[in-house]
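Take a look at the chain below. We start at one residue and work outwards to the whole fold.

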Amino acid sequence: MTPLTVRDEPFDRVCTEWQGLVSEAHMPVPFVTPAWQRVWLSHFQDGRRLQILTARDGERLIGVAPLLVDGESAELVGHYSICDYMDVLVTPGFEQAFFPPVLEQLASDGVKSLDLRGLHEASPALTGFAQAAPAFGFAVEREDEALSPRVELPQTWEDFLGSLSKKDRHELRRKLRRLDGAGGAVELRVVTEGDDASRQLDRLFHLMRISSHHKEEFLQRPGMEAFFREMVTVMAAENMLRFYLLTFDEEAVAAVLNFDLGGQLYMYNSGYDPQYSHYAVGLMSKALLLRDAIEAGRTCVDFLRGDEGYKYDLGGKDQQVFRLKLTR
């Protein structure tokens, strides 16, 4: 195989080809798409130097490593509290050719510390960087960072119910019956258009704040609400938004913001009104979301980071998220 050519290219020059790599990826994730990263950078780059390292076979783009460089340190674009997964993108079959020249370039640029957070257990970066590191004087340390449950979806709702434990299946059916008997008009709305989603964001923010002190603190971080507003509009324009609202008499009592990519849903954030806890509206919004995803032909729902109990009640199985630190 001809050695790949690695260079630093401007974001705008490479973003169209970069999106093509997303469609080829074994497990495409929304946080590594150029659309997401452009929005994140516009709010949180904080003066650090952006370095988009590309690897090409001739003129063909083979891989992209989006990095932020600060002196002798580099890290992947994103932050683990906002981007559940972070990664590089590389065309399947080119992994062994991609990582050595990328590390060689970083070493020649004077990078002595590479902190790679948010690496999904299926990421080729875990083995690719670790195997290439010794040749360029990097020591490698790997640690568990988080759990990220996901549920594989069967073809029918009944098959999904049958996959749950007897206890969880019984509890879910009981709560669904209670919701059905709530009276009034109970509806699950699915929002995919940016204008509609933007109008619903204030309600999502309100539900996040009243359902969780942690989420209230998250939204209070400087720039966070502005980031959400731009991000939702952009992800909708890219056909990656799937925003669910559980409504009682047309008022949203629970909301779940998801990303839709590669036949999978990524459950990014949610909130609910504790006044409706008798109907378990937080859990029910997610259960009905799963039913809708099955009916829409999705293959998986990734609950993303966190080991909250509802994820396991709904059949979630743990995936490991890792942190890889390279130093020389």
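Glu295 counts as exposed, because its relative accessibility is 62%. The classes are as follows: buried means under 20% relative accessible area, exposed means over 50%, and partly exposed lies in between, with a 1.4 Å probe and protein chains only. Glu295 is found in helix 10. Helices (H or I, at least four residues) and strands (E, at least two) are DSSP runs, numbered from the N terminus. Glu295 can be paired with Asp180, 115 residues apart in sequence. In space, the C-alpha atoms of Glu295 and Asp180 are 19 Å apart.

This is a predicted model, in which local features need pLDDT of at least 70, side-chain atom pairs count only at pLDDT 80 or more, and totals for chains, interfaces and linings use all residues. Residues are numbered from 1 along each chain as its sequence is written, and side-chain values use heavy atoms, with hydrogens and water left out.

Now turn to Leu126. This residue is found in helix 4, residues 124-132. Leu126 is buried, with a relative accessible area of 4%. What does Leu126 touch, not counting residues up to four places away in sequence? Its partners are Leu119, His120, Glu121, Arg142, Phe322 and Leu324. Contact here means heavy atoms within 4.5 Å. One of these partners, Arg142, is 16 residues from Leu126 along the chain, and their C-alpha atoms are separated by 8.5 Å.

Backbone angles come next. Most residues other than glycine have a negative phi. Asp249 has a positive phi of about 50°, although it is not a glycine. Asp249 sits in the loop between strand 10 (241-248) and strand 11 (251-261). Is Asp249 buried or exposed? Asp249 is exposed, with a relative accessible area of 54%. Ala280 also has a positive phi, near 50°, and is a residue other than glycine. Its place is in the loop between strand 12 (264-272) and helix 10 (281-295). Ala280 is buried, at a relative accessible area of 16%.

Next, the cysteines. A disulfide is a covalent bond between the sulfur atoms of two cysteines. How many disulfides does the structure hold? The count is 0, where a disulfide is a pair of cysteine sulfur atoms within 2.5 Å. Why is Cys83 without a bond? The closest cysteine sulfur, in Cys15, is 18 Å from the sulfur of Cys83, so it is too far for a bond. Cys83 counts as buried, at 1% relative accessibility. For Cys300, the closest cysteine sulfur is in Cys83, 19 Å away, and that is too far for a bond. Cys300 is buried as well, with a relative accessible area of 1%.

Finally, the whole chain. Its secondary structure comes to 11 helices and 14 strands. The radius of gyration is 21 Å, close to the 20 Å that the globule rule gives for 328 residues, so the chain is as compact as a globular protein of that length. That radius is taken over C-alpha atoms, and the rule is 2.2 Å times the number of residues to the power 0.38. Along the principal axes, the C-alpha atoms fill a box of roughly 65 × 40 × 35 Å. Of the 328 residues, 54% count as buried. Among contacts between residues at least 6 apart in sequence, 74% join residues at least 24 apart.
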